[in-house]
Amino acid sequence: STPLYSSAASDVYKRQGLLFVEPSIFPKVTPDWMVPADFSSKMFSECIAACIRPGLGTLSDALINHLKIFGYARKGSFEMEHNGNALKALGLGDFSSDPYDMLLKACEYSMDKNSQIITLDVISKLNKSAVSDTSRFIIN
């Protein structure tokens with residue numbers, strides 16, 4: 001598989017800031033701009049996008065912080081596939097079974113200010129309780 005810190009990701013994150021990575025997939029040797037994710041409010045507030053498995057907890061944190069979601073999960077993971085496809089249908093993100101593909105799309109997005117404005121507009125149009133709206137849509 002392709003390393004998480006490929007040259008495409010490296011170029012973006014050297015210019016943009018830190019890349020937070022799920023601790024269970026954190027490489028043993030990493031560049032200094034790659035740090036283990038702690039999923040704190042501070043971490044989410046420092047992000048431009050979220051490249052995550054789309055579980056309800058991480059989705060909630062991402063939406064609260066107005067982040068576009070680039071979800072990924074193995075094929076056959078019903079809950080994650082359902083959530084990812086729902087996000088795509090709502091215009092809140094993208095979904096794939098390939099985390100590397102989502103990482104590249106998140107990198108592209110992080111450099112596209114126009115797309116960021118559009119995402120903020122879409123998320124802002126959700127009910128004040130965006131998490132509840134999305135949860136209700138995903139659960140139904």
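The following paragraphs lead through the structure from its overall make-up to its strands, helices and selected residues.

The structure is a predicted model. The mean pLDDT of the chain is 79, and 78% of the residues reach 70 or more. Confidence is uneven along the chain: helix α1 (residues 7-16) has the lowest mean, at 56, whereas strand β5 has the highest, at 94. The chain comprises seven helices and five strands. Read from the N terminus, these elements follow the order α-β-β-α-β-α-β-α-β-α-α-α. The chain has 140 residues, of which 39% count as buried. Among contacts with a separation of 6 or more, 50% are made by residues 24 or more positions apart.

A useful place to begin is the set of strands β3, β4 and β5. Strand β3 (residues 49-52) runs parallel to β4, and four bridges join the two. Within this pairing, Cys 51 is the residue opposite Phe 70 of β4. The elements β3, α3 and β4 together form a right-handed β-α-β unit. Strand β4 (residues 68-72) also pairs with β5 in the parallel sense, again over four bridges. Here Tyr 72 stands opposite Ser 96 of β5. To pass from β4 to β5 the chain goes through helix α4 (residues 78-90), and this β-α-β crossover is likewise right-handed. Strand β4 therefore has parallel pairing with β3 and with β5. Four of the five residues of β4 are buried, so that this strand is mostly covered.

Strand β5 may be considered residue by residue. Gly 93 and Phe 95 point one way from the strand, while Asp 94 and Ser 96 point the other way; all of these residues are buried. Asp 94, an element of this strand, deserves a closer look. Its relative accessibility is 13%, and because the limit for a buried residue is under 20%, Asp 94 counts as buried. Its side chain makes a polar contact of 3.5 Å with that of Lys 88. Leaving out residues up to four places away in sequence, Asp 94 touches Ile 69, Phe 70 and Gly 71, together with Lys 88, Met 102 and Lys 105.

Helix α3 belongs to the β3-α3-β4 unit. Its buried residues, within the span 56-64, are Leu 59, Ser 60, Ala 62 and Leu 63. Because these residues cover an arc of only 165 degrees around the axis, they lie on the same side of α3.

What backbone feature follows this helix? Just after α3, His 66 takes a positive phi of about 55 degrees. Most residues other than glycine have a negative phi. His 66 occupies the loop between α3 and β4, and it is partly exposed, with a relative accessibility of 38%. Phe 39 provides another case, with a positive phi of about 60 degrees although it is not a glycine. This residue is located in the loop between β2 (34-36) and α2 (41-45). Phe 39 is also partly exposed, at a relative accessible area of 32%.

The helices α5 and α6 each offer a buried residue for inspection. Ala 106 belongs to helix α5 (residues 99-110) and has a relative accessible area of 3%, which means that it is buried. Beyond its neighbours up to four places away in sequence, Ala 106 touches Ala 49 and Phe 70. The C-alpha atoms of Ala 106 and Cys 51 are 6.8 Å apart, although 55 residues separate the two along the chain. Phe 70 thus appears in several settings: it stands opposite Cys 51, and it is touched by Ala 106 and by Asp 94.

Thr 119 lies in helix α6 (residues 113-124). Its relative accessible area is 4%, and it is therefore buried. The side chain of Thr 119 is joined to that of Tyr 109 by a polar contact of 3.3 Å. Apart from neighbours within four places in sequence, Thr 119 is in contact with Leu 67, Lys 68 and Tyr 109.

Technical notes. Residues numbered from 1 in each chain as written. Predicted model: local features only at pLDDT ≥ 70, side-chain atom pairs only at ≥ 80, totals over all residues. Heavy atoms only, no water. Buried < 20%, exposed > 50% of the residue type's maximum accessible area, 1.4 Å probe, protein only. Pairing = 2+ DSSP bridges. Right-handed = clockwise from strand over helix to strand, strands pointing away. Polar contact = N/O pair within 3.5 Å; in protein donor to acceptor, adjacent residues only side chain to side chain. Contact = heavy atoms within 4.5 Å. Arc of directions from axis to C-beta. pLDDT = per-residue confidence, 0-100.
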